[in-house]
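Visitor: Could you walk me through the spaces and the ring contacts in this one?
Guide: Sure, let's bring it up and go through it.

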Amino acid sequence: MFIRSNGIELHVRQRGAGVPALVFLHYWGGSSRTWHHVIEALEADFRTIAIDQRGWGQSDKPNSGYALADLAMDAMGVIAALGLQRYILVGHSMGGKVAQLIASQRPDGLKGLVLVAPSPPSPLGLPGDVRRAMVSAYATRESIITTVEQALAPDGLGAGDLEMVIADSLCGVPAATEAWPLATSQEDIATLVSQIESPTIVISGENDRVDPPEILRRELLPCIPQAQLHLLLGVGHLSPLEAPGAIANLIRTFARAVMSDRTAPTSATGR
């Protein structure tokens with residue numbers, strides 16, 4: 001379905017039923033489809049809402065408006081349009097940074113925050129020439145495969161998931177592919193993120209080369225003292241595709257704990 005939010009049409013995939021609702025935000029280059037394995041494992045227990053963020057998937061692709069605040073307002077517009085009263089935000093990579101900004105605003109109805117291989121709240125620590133080179137990472141089928149093999153999922157993806165990643169990456173418009181490495185990733189929201197009060201878990205792949213665990217320990221976890229880190233062994237940056245079962249299990253346990261007011265799952269290492 002399509003929902004008008006923040007002046008544009010956003011494509012939204014909704015499945016399942018139950019409380020809390022789970023709202024999924026994808027990575028730079030992905031789409032709502034990034035979450036399909038995770039959602040399949042959760043839809044029997046929860047209402048799931050996955051959004052194609054502006055510039056990606058089937059959503060509108062404006063020539064501007066790709067700051068974190070724009071992406072956050074888009075998502076909050078969807079949440080309002082669907083009348084979600086109790087929900088958990090689940091953000092991956094870029095979507096994780098968007099989720100952090102939303103949670104820092106302490107919106108009504110937000111019950112928890114799940115950050116999957118999230119970009120930290122601080123600026124992306126890469127030189128300008130490397131970030132400029134990132135703009136062409138999704139330019140061709142060949143460049144996308146190279147990016148997956150060298151950075152996103154060095155241990156490989158299933159053939160179907162790889163084809164999906166290629167198609168999603170090629171779907172992005174120049175404004176969207178340029179905005180994240182050149183501008184949005186450089187936004188510093190660390191002070192805002194320190195205001196997050198929601199129960200939070202952080203899920204990180206042991207072999208993540210994009211937002212490695214040591215970066216999250218240094219730049220994210222100190223901003224959210226209540227956050228609990230879960231390390232997935234042998235997993236890279238595309239963990240929703242590499243280890244969807246482990247992520248679904250962590251989300252399920254966390255959601256049930258949050259809604260019953262129990263302490264969220266303790267930190268763990270595993271696959």
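Visitor: What volume does the largest pocket have?
Guide: Quick caveat: this is a predicted model, where local features need pLDDT of at least 70, side-chain atom pairs count only at pLDDT 80 or more, and totals for chains, interfaces and linings use all residues. Residues are numbered from 1 along each chain as its sequence is written, and side-chain values use heavy atoms, with hydrogens and water left out. A pocket here is an open set of points on a 1 Å grid over the protein atoms alone, with protein on both sides within 12 Å along at least five of seven lines. Filling the points, joined across faces, edges and corners, with probe spheres gives the volume, and for the largest pocket that is about 500 Å³.

Visitor: Which helix gives the largest share of the lining of the largest pocket?
Guide: Lining residues have an atom within 4 Å of a point, and the largest pocket has 25 of them, with L124, L126, M134, R209 and V210 nearest its centre. Helices are DSSP runs (H or I, at least four residues), numbered from the N terminus. Helix 5 and helix 9 (213-219) each supply at least two lining residues, but the largest share, five residues, comes from helix 5.

Visitor: How many of the residues lining the largest pocket are nonpolar?
Guide: Ala, Val, Leu, Ile, Met, Phe, Trp, Tyr, Cys and Pro count as nonpolar, Asp, Glu, Lys and Arg as charged, and the others, Gly among them, as polar. In the largest pocket, seven lining residues are polar and three charged, while the nonpolar ones number 15.

Visitor: And closed spaces: which helix gives the largest share of the lining of the largest cavity?
Guide: A cavity is a set of points where a 1.4 Å probe fits but cannot get out, and the structure holds two of 30 Å³ or more. The largest has a volume of about 50 Å³, and its lining includes W56, A176, A179 and W180. Three of its lining residues, the largest share, come from helix 7 (residues 174-182).

Visitor: What volume does the second largest cavity have?
Guide: Its lining is L25, I51, Q53, R54, L71, D74 and A75, with helix 2 (residues 68-81) giving the largest share, three residues. By class that makes four nonpolar, one polar and two charged. The volume is about 40 Å³.

Visitor: How far apart in sequence are the parts that the pair of W28 and Y138 ties together?
Guide: Rings of Phe, Tyr and Trp (its six-membered ring) pair if their centres lie within 6.5 Å; planes under 30 degrees apart count as stacked, over 60 as edge-to-face and the rest as tilted. W28 and Y138 are a tilted pair, at 4.6 Å centre to centre and 40° between the planes. W28 lies in the loop between strand 3 (21-25) and helix 1 (36-42), strands being DSSP runs of E, at least two residues. Y138 lies in the loop between helix 4 (128-134) and helix 5 (141-152), so the parts tied together are apart by 110 residues.

Visitor: Why is the pair of W56 and Y138 called edge-to-face?
Guide: Their ring centres are 6.4 Å apart. Their planes stand at 85°, so the pair is edge-to-face.

Visitor: Is W56 buried or exposed?
Guide: Buried means under 20% relative accessible area, exposed over 50%, partly exposed in between (1.4 Å probe, protein chains only). W56 has a relative accessible area of 1%, so W56 is buried.
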